[in-house]
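User: I am new to this structure and would like to understand how its strands are put together. Please show it to me and explain the reasoning step by step.

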Amino acid sequence: MAEQHAHAAAHDDHDHKPHGWRRWVYATNHKDIGTMYLVFACTMFFIGGAMAMVIRLELFKPGLQFVDPQFFNSMTTMHALIMIFGAVMPAWTGLANWMIPMQVGAPDMALPRLNNFSFWILPFAFTLLLSSLFVPGGAPAGGWTMYPPLVLQTGASFPMLVFAVHMMGASSILGAINVVVTIMNMRAPGMTLLRMPLFVWTWLITAYLLIAVMPVLAGAVTMLLTDHFFGTTFFTAAGGGDPVMFQHIFWFFGHPEVYILILPAFGIISEIVPTFSRKPLFGYEAMVYAVASIAFLSFIVWAHHMFTVGMPLAAQLFFMLSTMLIAIPTGVKVFNWTATMWRGSLSFEPPMLFALAFLFLFTIGGFSGLMLAMVPADYQYQDTYFVVAHFHYVLVPGAIFGIMAGVYYWLPKWTGRMYDMTLAKWHFWLSAIFVNVLFFPQHFLGLAGMPRRIPDYAVQFTDWNMVSSIGGFGFGLSQLLFPYLIIKCIRTGQPVGARAWEGAHGLEWELPSPPPYHSWTTPPSAAVIARGAAH
Amino acid sequence: MTIRRPLARLALCAAAAALALPAAAEESGWAQLNLPRGVTDISRKIYALHMEIFWVCVWIGVVVFGAMIWSIIAFRKSQGAVPDTSMVHNTKVEIVWTIVPVIILIAMAVPAARTLVEIEDTTKTGLTIKVTGFQWGWEYEYLDEGVAYYSHLDRASDAARELGSGIDPTSVPHYLLNVDRPLVVPNGVKVRLLITGADVIHSWWVKDLGVKKDAIPGFINEAWFKVDDDFTGMLRGNCAELCGRDHGFMPIVVDVRTKADFDTWLKNTAAAQKQAAAADASAASTSGM
């Protein structure tokens, strides 16, 4: 009995976690679930990346050397689905799980069992999606945008695609509900909304976007399903339907979706730049309002993805102007980040390096976005490699670098150990150089007339495709450093203190490194919150 | 060896662009870096718009990236920079950097809207051609002229593009950009296209004409172009909407002729097609007996 008491006293942090496989399958702890999300995202990043390598290999030279055009189309389709729904979105949810309770002064997420469920849907969704590679007719090859009537020509993998999308959507919605409830109800007393770190703010807004648009996607793919199997003709003109309606519905989901992928990165950059500039974030409130404006605008710009479908002039003008408006809040963000560095005291640890690369390269993606907003010019850019270059600039050095910056920023907090700084800088420089070798020439290819989603091309596009492929292989190989570096950090990293970075502010840095199993079992005091609030 | 060439071209073109030499456009490498000016008034307006927004982005980039680089260099901790932690907010500056982009955007939106209005004006056309995209090729029908035919990837490209064909694509003239029967159009005439799809969505795109319009089953989209009076020759384009396995293998070739040449061609083709149709009909009735 006495021994039991002593045991309980030693575990004053209420660490009742199950051990072995039960710890993960029955997980309700925000850190365990966050870790699973991140490991899952990393796995999918490499699977999706392997598909990108197949694409770049086939495009290295004109002529078909390695794969059949149908398989090539499957690769582009699956690469997109896996990277968007399997890598970037779960990585954000993983970071949200780890950081939001720590940053708002809560012990855990509000809905732990829901949290478990939302994660464990994902392995099933992606097993289903990936197994479609082995069914008759091959994996889906109609593009991740799933436009009918083409997508209705998909073979046995069609229902697998639809159900996988349903499951991913359900997982995202549950995760988003959990984030909203945690932020709204679990903040420590004194942690007012306008004291929350930007990462929490951007995730709150992202969560609302997810709840608003994932059901729209679910509805759209369900209509595809009934068109395919139950004789409806929602999207078939011959039966009174409308194939363009699918595009409107899809992009009503799809445009907010691209902000779902990038807004949490804005949050992370807004944490890292002040830390390594040793200066509070410039214009905190403007940053919050800018994110909210971007989120609102994301609902009224969708048709800029489909200017060539033949919309009325008034509609094209409306969507051109609304799209151009997005440049204003986005510009405010970039200016504020720059002003945060201005008259700061900068040092260049790996998180800051990734954040700086984000600032430069995401802005380049923003510029090409502005160009794409101009409808007459978009007629020339639409569905060419210019678009491919544009969205990869905002998603790779944007979203992916944002995730990496976040991992390098918080890894010492999670593990209590510092990673190999030299190796991380190698990872950074290789990634930053190769990402440009990979994607910059694609602007030229698009302008010179190379359409996207083609397995073979006219010979005048050879040179830049070779350069791009070399960049692709270099970028892909460099990423292998990332998991190696994390494993090395967990095993042999040097211990760090609670505040792993000199200039770091925020409640997560008030907890020891690694933090206790249940983050804030007693809410932080007003003094701690005030010290943590960076602005 | 192939790798070094584009880098040299890039350096050359960057130098030319920096000096703002108009001659750079004529430089062969330039065509691999930028949109073409094209052969219609609209395509040149689109090109001008594209260059205008490009330079706006470049100048914004110079200012913004300049400020970032300056911060990175001037405010290094290793050089003893001391942070000014009181600098958290400045209403005046924030208003300025909200208003200035608004003005730039309005300045860009006006010419874009003007060009768009012009593109959408499909009235007063001299010739109408119905374009139908199918898996995988195009059908052209000269309405009320009795001329209609299919256009597919040419044989040479088709043979070379097979997986493991062993044929070097560089040995095929206009690899993947050549067809068996091009679309023949007159220059100096406003040609209207009625574009539709037979099975899935395609997109008819010829960059030198400044035209890209989706070919959607059940819908008829309109587009138009008017090639310069002094231009004759071949223009090449592609399907620009993923349409299945052979999406990359349904090019578009437009053969632009003088009005007189075109009229002769149209008359001869109409006569030939009428004759062929009559022969078919008589063959059918003979075999029917």
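Analyst: Two strands pair if DSSP finds at least two bridges between them. The model shown here is predicted, and that cut-off can be set against the strands of chain B.

User: How do you know that strand β9 of chain B pairs with strand β10 of chain B?

Analyst: Strand β9 (residues 233-239) and strand β10 (residues 252-257) of chain B are joined by 5 bridges and run antiparallel; the definition asks for at least two bridges, so the two strands pair. Within this pairing, Gly237(B) stands opposite Ile252(B) of β10(B).

User: Which strands belong to the open sheet that contains β10 and β9, and which are at its edges?

Analyst: That open sheet has 5 strands in the order β4-β10-β9-β6-β7 (chain B), with mixed pairing. Its edge strands are β4 (183-186) and β7 (211-215) of chain B, each of which pairs on one side only, and the twist from one strand to the next averages 25°.

User: What makes β3 and β8 of chain B edge strands?

Analyst: They belong to an open sheet of 5 strands with the order β3-β2-β1-β5-β8 (chain B) and mixed pairing. Because β3 (147-151) and β8 (221-225) of chain B each have a single partner strand, one side of each is left without a neighbour in the sheet. The twist here averages 20° from one strand to the next.

User: What joins β2(B) to β3(B)?

Analyst: Strand β2 (residues 137-142) of chain B is joined to β3(B) by 5 bridges, the two running antiparallel; since at least two are required, they therefore pair. Among the bridge partners, Trp138(B) has Ser151(B) and Tyr140(B) has Tyr149(B). The two strands form a hairpin with 4 residues between them, and Asp144(B) in the turn has a positive phi of about 65°.

Key
Residues numbered from 1 in each chain as written. Chains lettered and ligands numbered in written order. Predicted model: local features only at pLDDT ≥ 70, side-chain atom pairs only at ≥ 80, totals over all residues. Axes fitted to C-alpha atoms, helices over the stretch in contact; angles between N-to-C directions.
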